[in-house]
Amino acid sequence: ELLQLPRLGGGHLTDKAKFRGHSDQPTISKIGEVAFARGERINVEIFALTYGSIVRQLLEDHEDVDKVNEQLEMMGYNIGVRLVDDFLAKSRITSCYSFHDSAEVIARAAFRMYLGINAYVGNWSENRRSFGIVFEDNPLTLFTELPESSKGLWYANTLTGVIRGALEMVQMIVECKYVRCVLRGDDTNEIRVSLKEILVEQPPPDEE
């Protein structure tokens, strides 16, 4: 089994503000499937083992698992701010819609495109400013079991950072955190995404 290999750009904001999702759910799923089929791939086992070695090194460098969680999230954030270029190029999604539609794009297109897995959006808050991305499979956790000493570790916390970084580049400030993880004994995985602010692009000041 192979995973999509992204081409990371420079993370500039040019044209990214146009992307805030697309309301046609079947089309969104198709976008992820087509991009996954066409893209360059990396072997999922190599991917999982490489990621595992990174997590293991972080655990050796930091005795505090909370610190490791922070490092993994920041690593993902740095990927996310650069991943938007690749996603826009492959998905060709440029329509500006709502936070709700952006959630569908992340779950149905991006997760399929880069991880080769199916995810769905659920557990919306009453004010529609928070949702969960739910997924059963996670290639990052292949071959992995958490030892007792690392029970506080969110092993795939990189994904929360990727989502936060990518949405920031389309002017959405969010908080992302794991709330369920199969490695911790839960029946599925869930990442909670909460909208904090939508940034408004300010026009440059008039030159005197």
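A residue counts as buried here when its relative accessible area is under 20%, as exposed when that area is over 50%, and as partly exposed in between (1.4 Å probe, protein chains only). By that yardstick Glu-190, with a relative accessible area of 5%, is buried. The model is predicted, so local features need pLDDT of at least 70 and side-chain atom pairs count only at pLDDT 80 or more, while totals for chains, interfaces and linings use all residues. Numbering starts from 1 along each chain as its sequence is written, and side-chain values use heavy atoms, with hydrogens and water left out.

The overall layout comes first. The protein chain has five helices and six strands; these are DSSP runs, numbered from the N terminus, with helices being H or I of at least four residues and strands being E of at least two. Read along the sequence, the elements follow the pattern β-α-β-α-α-α-β-β-α-β-β. Of the 208 residues in the protein chain, 48% are buried. The accessible surface comes to about 11,200 Å², and carbon and sulfur atoms hold 49% of it; such areas come from the Shrake-Rupley method with a 1.4 Å probe, and for residues only the protein chains shown count as cover. A contact means heavy atoms within 4.5 Å. Among contacts with a separation of 6 or more, 72% are between residues 24 or more positions apart.

Next, the inside. A nonpolar core is a set of buried Ala, Val, Leu, Ile, Met, Phe, Trp, Tyr and Cys residues joined through side-chain atoms within 4.5 Å. The largest one here has 51 residues, and the members that touch the most others are Phe-87, Phe-111, Ile-133, Phe-135, Ile-163 and Val-193. Two or more residues of this core come from each of α2 (44-61), α3 (65-91), α4, β4 (130-135), α5 (158-169), β5 (172-180) and β6 (189-198). Helix α4 gives the largest share, eleven residues.

Helix α4 spans residues 99-115 and includes Met-113. With a relative accessible area of 0%, Met-113 is buried. Its C-alpha lies 8.5 Å from that of Phe-87, although the two are 26 residues apart in sequence. Phe-135, for its part, has a long list of partners: leaving aside residues up to four places away in sequence, Phe-135 touches Phe-111, Ile-117, Asn-118, Ala-119, Leu-159, Tyr-178, Thr-188, Asn-189 and Ile-191.

Leu-140 sits in the loop between β4 and α5, and it counts as buried because its relative accessibility is 4%. Beyond residues up to four places away in sequence, the contacts of Leu-140 are Phe-47, Tyr-51, Tyr-155, Ala-156 and Leu-159. With Tyr-51, the C-alpha separation is 6.7 Å across 89 residues of chain.

Not every leucine is tucked away. Leu-49, found in helix α2, is exposed, at a relative accessible area of 54%. Together with Leu-142 and Phe-143, Leu-49 forms a nonpolar patch on the surface with about 300 Å² of accessible area. Patches are made of residues with over 30% relative accessible area and no salt bridge, with like charges joined within 9 Å and nonpolar side chains (Val, Leu, Ile, Met, Phe, Trp, Tyr) within 5 Å.

On to cysteines and charges. The structure holds zero disulfides, a disulfide being a pair of cysteine sulfur atoms within 2.5 Å. Cys-176 counts as buried at 11% relative accessibility, and Cys-181 does so at 4%.

Side chains of opposite charge can pair when their charged atoms come close. A salt bridge means a side-chain nitrogen of Lys or Arg within 4 Å of a carboxyl oxygen of Asp or Glu, and the structure holds six of them. One of these joins Asp-86 to Lys-90, with the closest N and O atoms 3.2 Å apart. The two residues are four apart in helix α3, so about one helical turn separates them. Asp-86 is buried at 4% relative accessibility, whereas Lys-90 is partly exposed at 27%.

Another salt bridge brings together Arg-180 and Glu-190, at 2.8 Å from N to O. This pair links distant parts of the chain, with Arg-180 in strand β5 and Glu-190 in strand β6, ten residues apart. Arg-180 is partly exposed at 25% relative accessibility. Glu-190 also meets Arg-192 in a salt bridge, at 3.6 Å from N to O, and Arg-192 is buried with a relative accessible area of 16%. Through shared partners, salt bridges join Arg-180, Asp-187, Glu-190 and Arg-192 into one network.
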